[in-house]
Amino acid sequence: MALDYIKRDGVAYITLNNPAKANILDKTMSDDISQAWIDLWEDRSIRCAILTGAGDKHFCGGHNLAKRKNITEEEREFLRTQRIYWPLAGTVHGQKTGVDGRSGDHYPRVWKPVIAAVNGWAAGAGLYILLSSCDIRIASAENARFKFSLLTQGWLGHGPGASLLIKQLRYIDAMKVLLTDEPFDATEALRIGLINEVAPHAQLMERAEKMARHICTLPPVAVRMMKEFVVRFGDMPTDQAWHIQNLMNALLIQTTTDGEEGRQAFNAKRKPKFTGALRKRGEAWAEFSEEDLKRLDEAYRSGEY
């Protein structure tokens with residue numbers, strides 16, 4: 001496989017492993033990482049993932065730009081035009097879909113935290129996968145470099161990279177990245193808010209693992225729903241997003257054991273043990289007396305419950 005996929009104690013480790021070819025997303029790598037996304041989503045024991053690249057030069061150098069040998073330039077133009085109007089079923093703009101069908105197979109928004117340990121160059125699709133799939137980004141101080149790699153190829157790109165960049169950065173920083181297409185280092189990436197922190201290269205994975213281990217101690221259903229809430233509803237008007245947040249929170253309290261575990265652990269001054277266990281549906285509440293209803297109504301109106 002062009003990709004190493006290991007699961008250990010609640011964390012999935014995804015390593016793009018083709019350093020001789022800059023860990024590029026060729027067909028083999030793309031198919032492999034698609035299966036990894038699906039597996040880590042469906043495996044309930046996995047609470048967090050770390051994505052990195054093999055070696056110390058490249059996180060991911062982009063897509064494979066090599067052309068298929070038995071296709072002429074005229075035929076290639078025909079196929080690219082056909083893709084505009086007749087994309088294949090089960091694709092997004094021609095990109096296969098897997099765990100999440102909105103952004104194509106290797107640009108998914110998996111509803112579990114993904115930490116990027118950027119060990120080297122993140123260029124082209126290597127940068128886009130940070131924008132689309134990685135929630136927390138830690139970069140090597142010595143080796144990490146970033147380049148959007150679109151305008152210098154004469155393209156806007158088929159992936160969602162530009163759309164995501166302009167939403168995640170300030171306008172002026174995003175436009176400098178897009179319109180100059182110049183490479184930049186980890187210090188600049190930190191300044192513009194593309195990454196969370198810079199770590200010495202020798203401590204990069206240690207720092208990513210420390211963060212992943214902390215996330216593993218948190219309530220897994222609440223963590224995954226927090227991510228989904230932000231990604232799906234974060235751009236909505238505040239009152240609408242808040243309404244959805246309240247509905248999701250009520251679901252967590254009523255249908256999982258973690259909400260009550262958090263409250264009990266806080267009151268007992270102990271560390272909580274979150275399992276993500278689901279509650280069974282119970283019987284309806286018995287009818288309350290008028291006296292009890294009045295007492296409960298007073299508590300309800302006070303907000304002290």
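Leaving aside its neighbours within four places in sequence, with which residues is E261 in contact? In this predicted model, E261 is in contact with R270, K271, P272, K273 and F274 once those sequence neighbours are set aside.

E261 has its place in helix 10, and because its relative accessibility is 14%, below the 20% cut-off, E261 counts as buried. Two computed distances describe its relation to residues further along the chain, one between side chains and one between C-alpha atoms of residues that lie 14 residues apart.

| Pair | Kind of distance | Value |
|---|---|---|
| E261 and R270 | polar contact, side chain to side chain | 2.7 Å |
| E261 and T275 | C-alpha to C-alpha | 9.3 Å |

R270 thus appears both in the list of contacts of E261 and as the partner in the polar contact of its side chain.

Helix 10, where E261 is found, is also included in what covers the buried residues of helix 8, together with strand 7 (114-118), helix 3 (125-133), helix 7 (204-216) and helix 9 (238-255). The residues of helix 8 that are buried in this way are P220, V223, M225, K227, E228 and F229. As for its length, helix 8 comprises 14 residues (220-233), which at 1.5 Å a residue should span 20 Å, and the end C-alpha atoms are 20 Å apart, so the two values agree.

How values were computed:
Residues are numbered from 1 along each chain as its sequence is written. This is a predicted model: local features need pLDDT of at least 70, side-chain atom pairs count only at pLDDT 80 or more; totals for chains, interfaces and linings use all residues. Side-chain values use heavy atoms; hydrogens and water are left out. Helices (H or I, at least four residues) and strands (E, at least two) are DSSP runs, numbered from the N terminus. The expected span of a helix is 1.5 Å times one less than its number of residues. Buried means under 20% relative accessible area, exposed over 50%, partly exposed in between (1.4 Å probe, protein chains only). Contact means heavy atoms within 4.5 Å. A polar contact is a pair of N or O atoms within 3.5 Å; within protein, one must be able to donate a hydrogen and the other to accept it, and residues adjacent in sequence count only if both atoms are side-chain atoms.
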